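Here are a few exercises to work through with the model open beside you. Try each task before reading its solution.

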Amino acid sequence: MSTPTTTGTIAVFGATGQQGGAVVDALLDHGARVRALVRDPRSGRARALAARGVELAAVRADDPASLAGALTAVEAFHFMTPEANSLEEVEAEVRIGTALVDAAVEAGVPHVVFNSVFGADRESGVPHHDSKHRIEEHLRKSGLRATMVRATAFMENFTSVMAPSLEDGEIVLRLPLPEDVALKMISIRDIGRVAAALLLGTAEAPGGAVELVGDELTGPRIAAAFGARAGLPARYEALPLSVLPTDLDRAMFRQFAEAAEEPSDLAAVRSIEPATLDLAGWIRATGWTAPAPVAGS
Ligand SMILES: NC(=O)c1ccc[n+]([C@@H]2O[C@H](COP(=O)([O-])OP(=O)(O)OC[C@H]3O[C@@H](n4cnc5c(N)ncnc54)[C@H](OP(=O)(O)O)[C@@H]3O)[C@@H](O)[C@H]2O)c1
């Protein structure tokens, strides 16, 4: 990594969460001064940040003065927006993102990095992606120097909502994606590392945006990667979209299939973070092991 050009305080919204937390980790690894915008400075996660030398600024997303105050005298600012699982939450997400941009304008922040989502350069019909497109547009029109980092599916989903199972001595992965569709994915660690490089000024994103893709693999190849690690045979089963709980999720998986037609620029992210993990690397790095067998299998 080259020498950082940002030497002052870097503000992070979402620092107690997955992506913001990874941004803080990467910034602290480079000795940066970090201020976390948190809604509850007494929460366990906020106090754990403070114990690592992170300055805490208490904010309320619906209180513009608290946001602008927390962004005073920072050299760069990173934000993501909270998960939305309904159309009401989508509107709340847009309100938070818009308020953060307005606060950055008010405070005169020199560089803002927005952790958006893959494909948010346009409308996609996925409500919780179009919300990020609306925030990107607001940020673009704000006059601030802005960089968009557009995350694809988190590899960490393979330890939760997309976890493979062990059935009859076989690794089984089931996703609502046709078996010839390649899923674009990135590790949360690398989201943090790429964002940190952009915030620190050790790298730039050509055109002011980078799509965060560490790997793109079809369901059978994802299953095979987990099977190889477990030393077991593996299979993939494509599920119908109807297994998904919400219209938002169904729209998103439909869009994953459409997006698979567009080739990814896997080199773009590696030109910023050369050690970006592919799925096999993430499986090794996290020490993933096969789950307990499904009862009765
Ligand atoms: N899952 C995926 O594969 C994937 C892929 C690409 C993009 N995304 C997008 O990533 C985003 C979620 O990121 P994440 O997983 O890093 O989130 P996360 O772990 O759930 O963290 C959310 C963060 O936002 C803070 N927050 C939430 N509501 C707030 C509010 N009203 N005021 C102030 N702070 C608030 C939380 O603070 P507290 O500690 O106070 O709760 C926490 O720090 C979503 O927008 C999702 O669409 C997800």
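A polar contact here is a pair of N or O atoms within 3.5 Å. Keep in mind that this is a predicted model.

**Exercise 1.** Find which polar atoms lie by oxygen atoms of the ligand, starting from Lys132.

*Solution.* Start with Lys132: one of its polar side-chain atoms sits 2.9 Å from a ligand oxygen. Next, go to the backbone. Gln19 puts a backbone N or O atom 2.8 Å from an oxygen atom of the ligand, and for Thr81 a polar backbone atom is 2.6 Å from a ligand oxygen. Finally, look at the surroundings: 20 residues lie around the ligand, and Thr16, Gln18, Gln19, Arg39 and Thr81 come nearest.

**Exercise 2.** Work out how H4 and H5 are oriented: roughly parallel or roughly perpendicular?

*Solution.* Take the angle first: H4 (residues 87-107) and H5 (residues 127-141) pack at about 20°, with axes 9 Å apart. Angles under 35 degrees count as roughly parallel, so H4 is roughly parallel to H5. The crossing is right-handed. Residues making the contact include Val94 and Gly97 of H4, plus Lys132 and Ile135 of H5. By class, that contact splits into seven nonpolar, five polar and five charged residues.

**Exercise 3.** Now do likewise for H5 and H8: what is their orientation?

*Solution.* The axes of H5 and H8 (residues 247-259) come within 8 Å and cross at roughly 75°. The range 65 to 115 counts as roughly perpendicular, so that's what this pair is. Pro127, His128 and His129 of H5 meet Leu248, Ala251, Met252 and Gln255 of H8. Sort them and you get four nonpolar, three polar and no charged residues.

Key
Residues are numbered from 1 along each chain as its sequence is written. This is a predicted model: local features need pLDDT of at least 70, side-chain atom pairs count only at pLDDT 80 or more; totals for chains, interfaces and linings use all residues. Side-chain values use heavy atoms; hydrogens and water are left out. Axes are lines fitted to C-alpha atoms, for helices over the stretch in contact, and angles run from 0 to 180 degrees between N-to-C directions. Helices (H or I, at least four residues) and strands (E, at least two) are DSSP runs, numbered from the N terminus. Angles under 35 degrees count as roughly parallel, over 145 as roughly antiparallel, 65 to 115 as roughly perpendicular and the rest as oblique. A crossing is left-handed if the near helix is turned anticlockwise from the far one by less than a right angle, and right-handed if clockwise. Contact means heavy atoms within 4.5 Å. Ala, Val, Leu, Ile, Met, Phe, Trp, Tyr, Cys and Pro count as nonpolar, Asp, Glu, Lys and Arg as charged, and the others, Gly among them, as polar. A residue is near a molecule or strand if one of its heavy atoms lies within 4 Å of it. A polar contact is a pair of N or O atoms within 3.5 Å; within protein, one must be able to donate a hydrogen and the other to accept it, and residues adjacent in sequence count only if both atoms are side-chain atoms.
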